[in-house]
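User: I am new to this structure. Please take me through it in short questions and answers.

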Amino acid sequence: MIERLNYFLEYFGQLPPQQYGFTAGRSTADAIKTVSEFDRQSRKLGQKCCLLALDIAGAFDNAWHPGILARLWKLKCPPNIYLILRDLLRERAAQVTLGNSVSYKRVTEGCPQGSVSGPTLWNMITNDLIALLYNTPNVRMVVFADDLMIMIQGPSPSAILTTLQSTLQTIEDWCKEHRLEIYKDKSALMPMFIRNREVYIRHPTIVAWGINIVTKMRYLGIILVCKLDWYPHTQYPQQPCSLLQSHMRHVIPQPDDCL
């Protein structure tokens, strides 16, 4: 069923290029390359830019089933596939047994990670956000599972912040529609290639959302810095590797012990 759904989405061009998670032929390396190329191109054009990293709280666990079905209906999914998915998602229940007591609760959300259908159904939700922001000027997106990377460029920090404010409003409305929430403690904004970040720190939208202004961030397993210098990333694995080496010394015989 999922193979047929993926074929339908690919055949009718419903797999947006901004989607890198659970997409054939794409990986974290491709997503990272897209982000770094956006920054370099913005600087080449003399534009300011910033990266906004957002994390969806409990993403797969909070995938709302009616929202998934509404998205499939909007895309004119073939009736046979739609009806099977509808039957798969409706009238689901969780059961808890305690002694001789059994309790049931209807389940209307959740796509378990590791399931066959989970990745595709989750992409259906995030693809809706991609479509909403697709025509927003000076905004690009990279989506990988529950990680959203919003890339914004403009002639000045004030122009970027204006775009950022409207973009965050769109994301907030999308979250309400799909009963999702952005994990604000993990959200981070990184202005690129600038020293003075006060204009970002004091902006009312940044303050209201509680977004951290950073000079480096961890993204898809690497360390991104505001100057696109990869040296900090090369130092990042050093500490765990040193710790692993120290532990291995206790279990691997030394040359003197083998005599």
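**Salt bridges, cores and surface**

User: How many salt bridges does the chain come to?
Analyst: This is a predicted model. A salt bridge needs a side-chain nitrogen of Lys or Arg within 4 Å of a carboxyl oxygen of Asp or Glu. By this rule the count is 4.

User: Which residue forms a salt bridge with Asp-128?
Analyst: Side chains of opposite charge can pair when their charged atoms come close. For Asp-128, the closest N and O atoms of the pair are 3.4 Å apart. The side chains also make a polar contact. The partner is Arg-71.

User: How many residues apart are Asp-128 and Arg-71?
Analyst: Asp-128 sits in helix α5, which covers residues 118–133. Arg-71 belongs to helix α3, residues 65–74. The pair links distant parts of the chain, and its separation is 57 residues.

User: Is Asp-128 buried or exposed?
Analyst: The relative accessible area of Asp-128 is 7%. Buried means under 20%. Therefore Asp-128 counts as buried.

User: Is Arg-71 buried or exposed?
Analyst: Arg-71 has a relative accessible area of 10%. The cut-off for buried is under 20%. So Arg-71 is buried.

User: Which residues is Asp-128 in contact with, leaving aside its neighbours within four places in sequence?
Analyst: Contact means heavy atoms within 4.5 Å. One of these residues is Arg-71, its salt-bridge partner. The full set is Arg-71, Lys-74, Trp-174, Glu-177 and His-178.

User: Which residue forms a salt bridge with Arg-202?
Analyst: Arg-202 counts as exposed, at 59% relative accessibility. Its partner is partly exposed, at 39%. The closest N and O atoms are 3.6 Å apart, and the partner is Glu-198.

User: Which residues do salt bridges that share partners join into one network?
Analyst: One salt bridge here pairs Asp-87 with Arg-86, with the closest N and O atoms 3.8 Å apart. Asp-87 is partly exposed at 42%, and Arg-86 is partly exposed at 29%. The network joins Arg-86, Asp-87 and Arg-90.

User: Which residues touch the most other members of the largest nonpolar core?
Analyst: Nonpolar side chains tend to be buried together in soluble globular proteins. The largest nonpolar core here has 49 residues. Those touching the most other members are Leu-5, Leu-72 and Ile-150.

User: How many residues are in the other core?
Analyst: This core lies apart from the largest one. Among its residues are Ile-32, Met-151, Tyr-219 and Leu-220. The core has 24 residues.

User: What accessible area do Leu-244, Met-248, Val-251 and Ile-252 have together?
Analyst: These residues form a nonpolar patch on the surface. Among them, Val-251 lies in helix α10, residues 238–251. Val-251 counts as exposed, at 60% relative accessibility. Together the patch has about 380 Å².

User: How many helices and strands are in the secondary structure of the chain?
Analyst: Helices α3, α5 and α10 have come up already. The whole chain comes to 10 helices and 9 strands.

User: What share of the contacts with a separation of 6 or more do residues 24 or more positions apart account for?
Analyst: The chain has 259 residues, and buried residues make up 42% of them. Its C-alpha trace spans about 70 × 55 × 40 Å along the principal axes. Among contacts with a separation of 6 or more, the share from residues 24 or more positions apart is 71%.

Key:
Residues numbered from 1 in each chain as written. Predicted model: local features only at pLDDT ≥ 70, side-chain atom pairs only at ≥ 80, totals over all residues. Heavy atoms only, no water. Helix = DSSP H or I, 4+ residues; strand = E, 2+ residues; numbered from the N terminus. Buried < 20%, exposed > 50% of the residue type's maximum accessible area, 1.4 Å probe, protein only. Polar contact = N/O pair within 3.5 Å; in protein donor to acceptor, adjacent residues only side chain to side chain. Patch = residues over 30% accessible without salt bridge, like charges linked within 9 Å, V, L, I, M, F, W, Y side chains within 5 Å. Areas by Shrake-Rupley, 256 points an atom, 1.4 Å probe, with all protein chains shown as cover. Core = buried A, V, L, I, M, F, W, Y, C linked by side-chain atoms within 4.5 Å.
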